[in-house]
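This report is meant for a reader who meets this structure here, and it moves between single positions and the chain as a whole. Please keep the sequence and the model in view while reading.

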Amino acid sequence: MGLKDNVKYAAAAMAVLAATAVQAQETVVKIGHSGPLSGAQAFSGKDNENGARLAVEELNAKPITVAGKKLKFELLSEDDQGDPKAGVAAAQKLIDNGVRFIVGPYNSGVTIPASRAYNDAGALVATVATNPKITQQGYKGLFRVNASDTQLGSKMALYAANVLKFKNVAVIDDRTAFGQGVAEEFKKQARASGMTVAGHEFTTDRAFDFNAILTKLKNKKIEAIFFGGYAPQAAPMARQMKQLGINAKLLGGDTICTAEMGKLGGESVGENVLCSQGGAVLDKASAGPAFKARFKARFKKDPDVYAAAYYDATMLYAQGMQKSASVDPQKVGAAISAGTYQGVAGSYAFDARGDMKESPVTIYTFKGGQPVPLSSY
């Protein structure tokens, strides 16, 4: 072996040692994302994933140090298809890959069974899923980074009664855990506010033809229909309401407060559609415009409903790690429970169940295919 070979091998050995030294000085933290990345709700799943991805990239660009080591974040994303069974399988896959910090799931019907698997594995979960049952399970490591159905459904009913002065309304829900939950909360508050609920019809989160149930409701002289479900169903419902000559408003929760609703519904979606969404209005939040600009620069599109919440959830974990000086989920969870985090979409402080102590709700309508805020509660 010649001198050149010796130098070459020595350089290679030093490079390996340097890389090993760098690895020894850093801790890898895996963030897991679970959401619908295929099917009709994929636009939401991808938007949520991008919110988490932006946070991970920013954390790695300016690394934080915990217990003397720099943290290197990795994002692992699983398609749960918005389906409970697929969601439990996605949870198991993330757990098996050593993930203990989860952002998601998006759907309540997925979150309820999947959260059991995450809890059993000692993982933390930050979800925007809204069904009240999620935080009634008693899991210490579960945090809802959004308003619940109780707030979303009831605030929409209060707006319908107090601002729109409606007296006669109807309800349709898609029988998912989310749709059913938010519809029941709307119905409860509607009756408490003096409105008559003239009918409650049912569909599925795979249906696109609502003519039969809409025709049934048309004869009841309703002023509004509250739909507990998602944009891929709400948009054709709005179109079919117009075709049938139903002049009632279409009301809904956060899942129809999306640009996708305007895109799918076209001219059928305008001021006839109103929806309730948790969190601050991004354009009015102090860090909102800067976040929107960074998101658009990175992904070449505007953030949709919950990108900011997923970004905040990832940053919430990072702050919890700094505060607890640990990456142990139990210690990080305790720090999150005890503290407050000021994020892009709002201020995060949690009660004993893991619900946000305060979560503003904003009522939106549509102009030019885009959701625009009307009033915040």
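In this predicted model, A238 has its place in helix α8, which covers residues 231-243. Is A238 buried or exposed? With a relative accessibility of 2%, A238 counts as buried, because that value lies under the 20% used as the limit. Not counting residues up to four places away in sequence, A238 touches L250, S268 and V269. Between A238 and G181, which stand 57 residues apart along the chain, the C-alpha atoms are separated by 21 Å.

A second position can be described in a similar way. T314 lies in helix α11, which is made of residues 307-324, and T314 is buried, its relative accessible area being 0%. Which residues is T314 in contact with, once its neighbours within four places in sequence are left aside? They are I31, A52, A55, V56, L59 and V103.

The table sets out the two helices that hold these positions.

| Helix | Residues | Position within it |
|---|---|---|
| α8 | residues 231-243 | A238 |
| α11 | residues 307-324 | T314 |

Turning to the whole chain, the model contains 12 helices and 15 strands. The chain has 377 residues, for which a compact globule would have a radius of gyration near 21 Å, and the value of 23 Å found for the chain agrees with this. Along its principal axes, the C-alpha trace spans about 95 × 40 × 40 Å.

Burial and contacts can also be stated for the chain in full. Of its 377 residues, 55% count as buried, and the accessible surface of the chain comes to about 16100 Å², with 53% of that surface belonging to carbon and sulfur atoms. When contacts between residues at least 6 apart in sequence are considered, 68% of them join residues at least 24 apart.

As for charge, the chain carries 44 positive and 34 negative charges, and the mean positions of these two groups are 2 Å apart.

Finally, there is an annotation to set beside the computed values. An unreviewed UniProt entry places the feature "domain: Leucine-binding protein" at residues 29-369. Over residues 29-369 the chain is 42% helix and 20% strand, while the C-alpha atoms at the two ends of this stretch are 39 Å apart.

Key
Residues are numbered from 1 along each chain as its sequence is written. This is a predicted model: local features need pLDDT of at least 70, side-chain atom pairs count only at pLDDT 80 or more; totals for chains, interfaces and linings use all residues. Side-chain values use heavy atoms; hydrogens and water are left out. Helices (H or I, at least four residues) and strands (E, at least two) are DSSP runs, numbered from the N terminus. The radius of gyration is taken over C-alpha atoms; the globule rule is 2.2 Å times the number of residues to the power 0.38. Buried means under 20% relative accessible area, exposed over 50%, partly exposed in between (1.4 Å probe, protein chains only). Contact means heavy atoms within 4.5 Å. Accessible areas come from the Shrake-Rupley method with a 1.4 Å probe; for residues, only the protein chains shown count as cover. Lys and Arg count as positive and Asp and Glu as negative; His and the chain ends are not counted. The place of a charge is taken as NZ of Lys, CZ of Arg, CG of Asp or CD of Glu. UniProt positions are given in the numbering used here, feature names are shortened, and annotations may be inferred rather than shown by experiment.
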